[in-house]
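Dear colleague,

I am passing on the structure below, which you have not worked with before. After it I set out what was found, going from the inside of one chain to the contacts between chains.

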Amino acid sequence: MALLDEDRLFPATPRVRDIARALYRTVADLPIISPHGHTDPRWYAENQRFPDPAQLFVTPDHYIFRMLVSQGIRLEELGVPDANGVATETDGRAIWHRFASHYHLFRGTPTRLWLDHSFQTLFDIERRLSAETADFYYDRISDRLAQDAYRPRALFERFNIEAIATTESALDDLAHHRTIRDSGWGGRVITTYRPDAVIDPDFPGFAANLARLGEITGCDVASYAGYLDAHRARRAYFRDFGATATDHGHPTARTADLPRAEAEALFARVTDGSASADDREAFRAQMLTEMARLSVEDGMVMQIHAGSFRSHSDRVAAGFGRDKGFDIPQPTNYVTALKPLLDAVGLEPGLTIILFTLDETVYSRELAPLAGVYPCLKLGPPWWFFDAPEGMKRFREQVTETAGFYNTVGFNDDTRAFCSIPARHDVARRVDCAYLADLVVTGRLAEDEAFEVAHDLAYRLAKEAYRL
Amino acid sequence: MALLDEDRLFPATPRVRDIARALYRTVADLPIISPHGHTDPRWYAENQRFPDPAQLFVTPDHYIFRMLVSQGIRLEELGVPDANGVATETDGRAIWHRFASHYHLFRGTPTRLWLDHSFQTLFDIERRLSAETADFYYDRISDRLAQDAYRPRALFERFNIEAIATTESALDDLAHHRTIRDSGWGGRVITTYRPDAVIDPDFPGFAANLARLGEITGCDVASYAGYLDAHRARRAYFRDFGATATDHGHPTARTADLPRAEAEALFARVTDGSASADDREAFRAQMLTEMARLSVEDGMVMQIHAGSFRSHSDRVAAGFGRDKGFDIPQPTNYVTALKPLLDAVGLEPGLTIILFTLDETVYSRELAPLAGVYPCLKLGPPWWFFDAPEGMKRFREQVTETAGFYNTVGFNDDTRAFCSIPARHDVARRVDCAYLADLVVTGRLAEDEAFEVAHDLAYRLAKEAYRL
Amino acid sequence: MALLDEDRLFPATPRVRDIARALYRTVADLPIISPHGHTDPRWYAENQRFPDPAQLFVTPDHYIFRMLVSQGIRLEELGVPDANGVATETDGRAIWHRFASHYHLFRGTPTRLWLDHSFQTLFDIERRLSAETADFYYDRISDRLAQDAYRPRALFERFNIEAIATTESALDDLAHHRTIRDSGWGGRVITTYRPDAVIDPDFPGFAANLARLGEITGCDVASYAGYLDAHRARRAYFRDFGATATDHGHPTARTADLPRAEAEALFARVTDGSASADDREAFRAQMLTEMARLSVEDGMVMQIHAGSFRSHSDRVAAGFGRDKGFDIPQPTNYVTALKPLLDAVGLEPGLTIILFTLDETVYSRELAPLAGVYPCLKLGPPWWFFDAPEGMKRFREQVTETAGFYNTVGFNDDTRAFCSIPARHDVARRVDCAYLADLVVTGRLAEDEAFEVAHDLAYRLAKEAYRL
């Protein structure tokens, strides 16, 4: 018995399913454009074998360990590193058994789809994961990971990735990207400029980060002009390593466009540590507009990922640090928040700003109406918790009638889980084909147009929007 | 190849589709009740030929030009009049070509459905609009517009419109309506009382508008009592031209019911120009309650259209003025907002208040629970961006279980685009029949009841709710 | 002609319907676990006959009378008791006729499904209710209610209820539960600890309630420590009558975890009547955390029902009192609101907090992400207005991809309407089976797993979550 249904995610009604399948056949094997994600560039640079199955699938994947935690398993039992050096489980097989014996928790989730896709297509497994099959899985995956065909670059090629972007801090020296570039390997791995650490005054180590930014760039980051120049310099450096985009992970989408003197005074308060919470939010807001201005200058695509309340549990944050599954979405407003930025540069030819949200209520109320009129705005795909079949369906249903398809940008996998990349793109392609098939059968789109749109959503829009 | 699928918008499952089709057949040809819209009464008064295809379809329709603008076309390239007299495109054929060569942008949007409906049913075109067919279209449509059968009154009759309401400012002399009335033509064209210009202190020219209101009515609009009397007089005047309803386009749904002395003091601040932003919002709020009281007096149906952030782009507003596609929805609260009005008159027999929203989150959370208990409240159809198949589906799915069908009021086309009227009503009728058919097949509604409800939604509820 | 379709609520596509039907067959006859509801324990204690059909179906059911009120019928015409002693209709047959002649208002609502289920399965009626059949119904139901087989305990057994929880005020002496326990009858009827009357300073009679709490428990409720001890004592008392859960019906989900001295000072202001509105909200917030701490101590499951604006119409509240259909949902935030409680006890092993909402926007944005990681949090079923087929579908679609099935707790009927209990559980079972069947056909869940999940959702999860 296969883990995967050949017709998974296609509509149940036969006529619609037939069209969805026909559409999917034309996009299933297209190369993967992965313009936004968080895989580790070290993998491609060093091309080392992946360690054991637990470290490949469980320990680094917050989708997986958050679900296990929700049912009473502790992070330390899953080998998640403890920030304070407290011992955590190190036995990969023990971690794998804990995961396997709770695999039923993932029923109905996209994680289940991604994992089964990896298990079947990469490891040729057709028996369901469970306590009973845990050792079989562990041994099979371990055996394969020892083979050269399962090293990162081989998988990259097997996955048919045409281009993948990683995300690095503004302070990163991009050594791994340099190694990749110098290696002669043909895989296209590019970086993305992520300046949160030197823009967000609430970021851990902000003052030190700022000092480091000055050192790296030789700019006078004590002045606002010098600080902006430092960004200019780093953006240019990132572009040397293929970057075509920047990424901004702010708690809100708030923007500001202060008169220069006010912006300088705000920056002074931020740098001397006297900034209030309002100041810090205002500075993040101001910097989104400044970054948009720099994008007008240098042509980099700007991505705004807003709305996550990071590290909701104080105890988990203190014990295990960031990115431990306790980031929770919040209501996010875009209409008033983006107005200052849009008044400043919203009609600039050539500027592209891609918006992401964790608050689905804004799809139809705010984001589609905004992207459906401002030439600079495009909508990113359903993000994070919404990178899932129903999440994708809601996105198309709520966005398309106002913004159409051509103000969206195809799919981003946004993942740290390397093996899930083909699975995620496959899910997105299937769900989009299902949506298009329904439009065809209900007379809302001609069949020949659906084939064109399917190709656009699977490949062309991402490539064009990110200038790849 | 036809542009329109005979079974468009019907569910894909054959048994459901059969029932939807059967329901639709009984309502497809019912007369159109159009109780809320923005067509130009001059058309019916003067019965002039429509100008060229671009001026009929593109230049006045914000649904169309906003989508083109979102992909980098400038308003001036589409012949949209510039507020400052800057030259814009005047060549209709050039505008039409720009539109035609971007027709793929409308894939999946209701605009596409409406346009194809007009092209096929009015202009007998069966080839898809594109750069290649642009001239064919332009010539065909131009030829037809030159025929008497395409003058406004002929189209009105062809569209089988039983009654249509236009919307006029409280200051309008209703000259066109007078002309229509005196012309002996049998078409029923009525007006609607829209007093925003003399109620909203933020409306351009408010002070002058108020002075003009005093002149027209002979009332002392320096006093609150006189101001309310002026409204009484204008409402009566509008009723003389068929008006059965008023319409209120406020940024929020906030209402207030201040003690008389406070209301008078607030009015004084509003009229002497000393009102703060809070005062101005409070005055709009107070006036919704006063308008509801006047509706109790004179029996006019009250419509509240809340939640649009008008003219979001300062630059577009300065360059092109209002209604240029840059109105963006905002989160809108109704529960606390409407309480003062509802405490004042919410249980009054005979009062009807129809609520519209651009924030779909309130359908199930606020509007259906409110309309499902307050006898004065009814829900208007999905408005503006939500006047679309998925928008209509969400409305029914989120409203019906709490408010049923009989606290809704059928369909409003709300349009300036004359040719889209039959297309829009056709979409609404099809989507409602699809929804009803699904209820039948899933055992939630008996088939004989579905036929009755289909007729109610297509015709009777609008006629009764608006007292037409 | 039957009132009920055998396949009601199953998907229309034949293959999906077949699987839904197969799943449903395995859960249709499972015993009912009803862990949260508002039936009257007097019924089971005294086992008296139910009075006339109007008093059984119409007068006590706010779902029914609110819909009739929305179409202009007055509460007094329906026999709803007037708080001020004004005469209301007492003729059951007259009330029944008013209801029957407006039965079309319920088309498309869950009330219609529940009523038809009762009419057909309990009273063997197969003709639709209408003005014409009103007397037939009234006579048939009256006849049956006179039979012993229609007394509460007989119906309880006929409904196959394994356990039912009622809800009592913290001040209730639980006399009816004592009677039930002492009667030797085998039905399992347990209570639930609902302390709003002694926790919410805005509750009518709060000061007197607090004094009464002191009398009952012998605790010094003038001190915060004594007040908390009084809760401890009452919770223990409730547990003696089977209670496994507490229930908290706050206007918001706000929680607080004040330093002890601040909490004591706040309590002092609350008890001496000097508390501001902010204080009163802060006290409710603080008490949710205290109640969670007591749950850690005593193992009671905590339920938070947040977000209802109670008694929205001042006039109805003054005339008829609480629970008259004028409770309206409000936007509700959980992410920042629950943080203090979760920081205090969110990772405690053994603690279970079940969250309910009237704001569906939080399903995917807040509740699923929270319950998908915090081990103490579980999601209650769609509540109140959302206890309906589309509401349930939205719940599963928006929750499952992030939180899975095992962070939800099966179905609660939450009803005062005894006859609706089997109907409501039947609707939930059917809708869940329909959802599971769709997952199976779209390759998102294996068929054998769907059978297991169907059983979990219909029976096991409720039993385990509520520790029954």
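What is the area buried between domain 1 of chain A and domain 2 of chain A, and what percentage of it do carbon and sulfur atoms give? Before I answer, please keep in mind that this is a predicted model. The area buried between these two domains is about 2800 Å², and carbon and sulfur atoms give 63% of it.

**Within chain A**

The domain assignment of chain A places residues 14-49 together with 149-465 in domain 1, while residues 50-148 make up domain 2. The centres of the two domains of chain A, taken over C-alpha atoms, are separated by 28 Å, and 37 residues of domain 1 are in contact with 31 residues of domain 2. On the side of domain 1 of chain A, A:Arg49, A:Tyr150 and A:Phe320 supply 28% of the area buried against domain 2, which is more than any other three residues give.

The polar side of this domain interface can be described as well. Between domain 1 and domain 2 of chain A there are two salt bridges, and A:Asp148 and A:Arg49 meet through their side chains in a salt bridge with an N to O distance of 3.5 Å. A:Arg49 is thus one of the three residues named above for the buried area and also a salt-bridge partner of A:Asp148. Across the interface of these two domains, 14 residue pairs are in polar contact, with both residues at pLDDT 80 or more.

As for the elements involved, helix 8 (152-158), helix 15 and helix 19 (420-441) of chain A each supply at least two residues of the side of domain 1 that touches domain 2, and helix 19 of chain A gives the most, with six residues. By class, this side of domain 1 of chain A divides into 22 nonpolar, five polar and 10 charged residues.

A salt bridge inside a helix may also interest you: A:Lys339 pairs with A:Asp343, their closest N and O atoms being 2.5 Å apart. Both A:Lys339 and A:Asp343 lie in helix 16 (residues 339-345) of chain A, four residues apart, which is about one turn of the helix.

**How the copies are related**

A rotation of 120 degrees, with 0.0 Å of shift along its axis, superposes chain B on chain A with an RMSD of 0.0 Å. That is the relation of a three-fold axis. Chain A can likewise be laid on chain C by a turn of 120 degrees and a shift of 0.0 Å along the axis, again with an RMSD of 0.0 Å. Of the residues of chain A, A:Thr13 comes closest to the rotation axis, with its C-alpha at 3.4 Å. Only 4% of the interface residues of chain A are also interface residues in chain C, so the copies meet through different surfaces.

**Chain A against chain C**

Chain A gives 46 residues to this contact and chain C gives 45 residues, and the two chains bury about 3800 Å² between them, with 53% of it on carbon and sulfur atoms. A:Arg107, A:His312 and A:Glu390 supply 19% of the area that chain A buries against chain C, more than any other three residues.

Eight salt bridges are counted between chain A and chain C, and in one salt bridge the side chain of A:Arg107 meets that of C:Glu449 at 3.1 Å, N to O. There are 27 residue pairs in polar contact across the interface of chain A and chain C, both residues being at pLDDT 80 or more. Among the elements of chain A that each supply at least two residues of the side touching chain C are helix 1 (14-27), helix 6 (110-123) and helix 18 (389-403). The residues of this side of chain A divide into 20 nonpolar, 13 polar and 13 charged.

**Chain B against chain A**

Here 46 residues come from chain B and 45 residues from chain A, and about 3800 Å² is buried between the two chains. The count between chain B and chain A is eight salt bridges, and in one salt bridge the side chains of A:Arg444 and B:Glu390 meet at 3.0 Å, N to O. Over all chains, the count of salt bridges comes to 147.

With kind regards

Terms used
Residues numbered from 1 in each chain as written. Chains lettered and ligands numbered in written order. Predicted model: local features only at pLDDT ≥ 70, side-chain atom pairs only at ≥ 80, totals over all residues. Heavy atoms only, no water. Least-squares fit on C-alpha atoms with pLDDT ≥ 70 in both. Contact = heavy atoms within 4.5 Å. Buried area = accessible area lost by both parts, 1.4 Å probe. Salt bridge = Lys/Arg side-chain N within 4 Å of Asp/Glu carboxyl O. Polar contact = N/O pair within 3.5 Å; in protein donor to acceptor, adjacent residues only side chain to side chain. Nonpolar A, V, L, I, M, F, W, Y, C, P; charged D, E, K, R; others polar. Domains from an automatic or database assignment.
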